[in-house]
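Reader: Please give me a close look at one part of this model. I would like to start from the sheet and follow what surrounds it.

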Amino acid sequence: MITSIVGVEIEYCKGISKGCRNAISTYPEIISNLIDISKNSTWHQRFKIDENLPRKHQILKIGISACPNACAKSQIKDLGFILRSEIGYDESLCINCLECENACKENAISVTEKIVIQKHKCLGCLDCVRACTTGSIFSTQAFFEVLVGGRLGRHPKFATPILKIEPLKIYDFYRYFLGLFDKYPDIYNAKKIIDNLSYEEIEHGYIKK
Ligand code: SF4
Ligand code: SF4
Ligand code: SF4
């Protein structure tokens, strides 16, 4: 699903707006709130002076996905968000049924005498949590992974993950991100502005805020 206003196009998956069996969580209000923030940005306002702008390739493209399957193609957007979750466990509840192991497509979890989760393999998808009938494995914290700088076209590349934010901090982060565009009032191409920003600057500037 795609919604847009002048200068900004947001693609989002159905898990965000309506729900999906794979969604880490659903936030039906997020898209309209992000559109409102976009409307109030100087990035959106700057196109009022020239009705021929922006051209399609100049628009800020955003992708918001409610699970690591990333159906909104968050990895090829200027600004991407992917909802994931940290997981925890309580071994005292475990009945060694191995349903979690079988459910994990990443081979990230194994259960013998102990529950072992290989963090570097875990995508935070919650398939194991859904499979566990005893509550031994559970979600401890949902978060948006924030990615910047993805694109197709002549020089395609995947977006770089730069930080994790609590889901409802997405508004704060988006206001902050659009504020960085004010440094370049004469550039009408979101990709060119993003190429001028260092990803460390985006990350550290937001954390210090
Ligand atoms: S990204 Fe995940 S939650 Fe969203 S539609 Fe795709 S599978 Fe469902
Ligand atoms: S959250 Fe997903 S990737 Fe991580 S252990 Fe569970 S099923 Fe595997
Ligand atoms: S699904 Fe739950 S109860 Fe079964 S082995 Fe995994 S953690 Fe233990």
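Author: The answer starts with the sheet, moves to its surroundings, and ends with the chain and ligands.

Residues are numbered from 1 along each chain as its sequence is written, while chains are lettered from A and ligands numbered from 1 in the order in which they are written. The model is predicted, so local features need pLDDT of at least 70 and side-chain atom pairs count only at pLDDT 80 or more, whereas totals for chains, interfaces and linings use all residues.

The sheet is open and has 6 strands. Their order is β1-β2-β3-β4-β7-β8, with mixed pairing. Strands here are DSSP runs of E with at least two residues; helices are runs of H or I with at least four; both are numbered from the N terminus. Two strands pair if DSSP finds at least two bridges between them.

Which strands stand at the edges? They are β1 (2-5) and β8 (160-165). Each has a single partner strand, so one side of each is left without a neighbour in the sheet. From one strand to the next, the twist averages 25°. Angles run from 0 to 180 degrees between N-to-C directions; axes are lines fitted to C-alpha atoms, for helices over the stretch in contact.

Look at the β1 edge. β1 pairs with β2 (residues 8-12) in the antiparallel sense, over 4 bridges. I2 has E11 of β2 as its bridge partner. I5 stands opposite V8 in β2. The two strands form a hairpin with 2 residues between them. In its turn, G7 has a positive phi of about 95°.

Now the β8 side. Helix α8 (residues 199-208) packs on the sheet and touches β7 (137-148) and β8. The direction of α8 makes about 5° with that of β8. Contact means that two C-beta atoms, placed from the backbone, lie within 7 Å.

L168 sits in the loop between β8 and α6 (170-180). L168 counts as partly exposed because it has 13 C-beta neighbours inside 10 Å. The scale is simple: 20 or more other C-beta atoms within 10 Å make a residue buried, 12 or fewer exposed, and anything in between partly exposed, with C-beta atoms placed from the backbone. I30 is 138 residues away from L168 along the chain, yet their C-alpha atoms are separated by 8.4 Å.

I30 leads to helix α2 (residues 30-39). Its buried residues are I30, L34 and S38. They cover an arc of only 75° around the axis, which puts them on the same side of α2. The arc is that of the directions from the helix axis to the C-beta atoms. An α-helix has 3.6 residues a turn, so residues three or four places apart point the same way. The buried residues of α2 pack against β1, β2, α1 (14-17), α3 (42-45), β3 (60-65) and α6. The face turned away from them carries the exposed residues S32 and D36.

Step back to the chain. It has 8 helices and 8 strands. Of its 209 residues, 34% are buried. Its C-alpha atoms fill a box of roughly 65 × 35 × 30 Å along the principal axes.

Last, the ligands. The residues around ligand 1 include C13, C20, C67 and C71. Around ligand 2 there are 14 residues, the closest being C104, C122, C125, D127 and C128. Ligand 3 is surrounded by 14 residues, with C94, C97, C100, C132 and S136 the closest. A residue belongs to such a shell if its C-beta atom, placed from the backbone, lies within 6 Å of the molecule.
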